[in-house]
Amino acid sequence: MIGYLTTQEQAEAINAAIAKAQTDRGFPVFWLAGSIPIQSGIHEGMHFIPCDNDLLSTPLIGNPPQTPVDFPEFQVIVETLGGLEARINLDPETIKLPEQ
């Protein structure tokens, strides 16, 4: 899985900024990147924000459809996380929820 490692607080702030970019344009919130708590491994306790190339090219709104990268705010968010080069490839096994 390709994306960013961050804290829970920063992940919440990133998703709030994504929501604000939509509501500032008069749209309801229809898309968020989300975040996933990492449950094991060397990154345990961190949060993972998915951001692979498929997500970057997801059609969201408009005709022709706009993608996340078409929003100027998205570039600011990506830079806040260290740029596209800062993305990591995370083993999905580290995200598994602990067995109950």
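**Exercise 1. Placing Q10**

In which helix is the place of Q10? Work out its surroundings in this predicted model.

*Solution.* Start with the secondary structure: Q10 sits in helix α1. Next, take its accessibility. The relative value for Q10 is 28%, so this residue counts as partly exposed, because that class lies between the 20% and 50% cut-offs. Then look for partners beyond four places in sequence: Q10 touches T80 and L81. Finally, try a longer separation. Q10 and I95 are 85 residues apart in sequence, and their C-alpha atoms are 18 Å apart in space.

**Exercise 2. Following the contact to T80**

Take the partner T80 and find where it lies, what it touches and how exposed it is.

*Solution.* First, the element: T80 belongs to helix α3, which covers residues 72-80. Second, the contacts: setting aside residues up to four places away in sequence, T80 touches Q10 and I14. Since Q10 is placed in helix α1, the Q10 contact links α3 with α1. Third, the exposure: T80 has 48% relative accessibility and is therefore partly exposed, as the exposed class needs over 50%. As a last step, compare sequence and space for T80 and T67: they are 13 residues apart along the sequence and 19 Å apart from C-alpha to C-alpha.

**Exercise 3. Two residues of one loop**

T67 and P59 both lie in the loop between α2 and α3. Which of them is buried and which is exposed?

*Solution.* Begin with T67. Its relative accessible area is 14%, so T67 is buried, the limit being under 20%. Now turn to P59. At 56% relative accessibility, P59 is exposed, because it is over 50%.

Continue with the contacts, again leaving aside neighbours within four places in sequence. T67 is in contact with L56, S57, T58, P59 and L60. P59, in turn, is in contact with P65, Q66 and T67. The pair P59 and T67 thus appears from both sides. For a view across the chain, check P59 against T6: they are 53 residues apart along the chain, and their C-alpha atoms are separated by 25 Å.

**Exercise 4. N15 and T7**

Decide whether N15 and T7 are buried, partly exposed or exposed, and list their contacts.

*Solution.* N15 lies in helix α1. With a relative accessible area of 12%, N15 is buried, because the value is under 20%. Beyond four places in sequence, N15 touches L32, A33, G34 and S35.

T7 is found in the loop between β1 and α1. Its relative accessible area is 35%, so T7 is partly exposed, between the 20% and 50% limits. Outside its sequence neighbourhood of four places, T7 is in contact with M46 and H47. One further distance places T7 along the chain: G83 is 76 residues away in sequence, with 16 Å between the two C-alpha atoms.

**Exercise 5. The nonpolar core**

How many residues does the largest nonpolar core have, and which have the most contacts inside it?

*Solution.* Count the members first: the core has 16 residues. The residues with the most contacts inside it are I49 and F74. Then ask which elements contribute: α1 (8-23), α2 (53-56) and α3 each give two or more residues to this core. Now list the partners of F74, leaving out residues up to four places away in sequence: F74 touches W31, C51, L56, P68 and V69.

**Exercise 6. The whole chain**

Which elements make up the protein chain, and in what order do they run?

*Solution.* Take the inventory first: there are three helices and four strands. From the N terminus on, the order is β-α-β-β-α-α-β. Next come the overall dimensions, for which the C-alpha trace spans about 45 × 25 × 20 Å along its principal axes. Of the 100 residues, 31% are buried. Among contacts with a separation of 6 or more, 61% join residues 24 or more positions apart. The chain exposes about 6,100 Å², with carbon and sulfur atoms supplying 56% of that area. For charges, the mean positions of the 4 positive and 13 negative ones are 6 Å apart.

Close with confidence: the mean pLDDT is 89, and 95% of the residues reach 70 or more.

Notes
Residues numbered from 1 in each chain as written. Predicted model: local features only at pLDDT ≥ 70, side-chain atom pairs only at ≥ 80, totals over all residues. Heavy atoms only, no water. Buried < 20%, exposed > 50% of the residue type's maximum accessible area, 1.4 Å probe, protein only. Contact = heavy atoms within 4.5 Å. Core = buried A, V, L, I, M, F, W, Y, C linked by side-chain atoms within 4.5 Å. pLDDT = per-residue confidence, 0-100. Areas by Shrake-Rupley, 256 points an atom, 1.4 Å probe, with all protein chains shown as cover. Lys, Arg positive; Asp, Glu negative; His and termini not counted. Charge placed at Lys NZ, Arg CZ, Asp CG, Glu CD.
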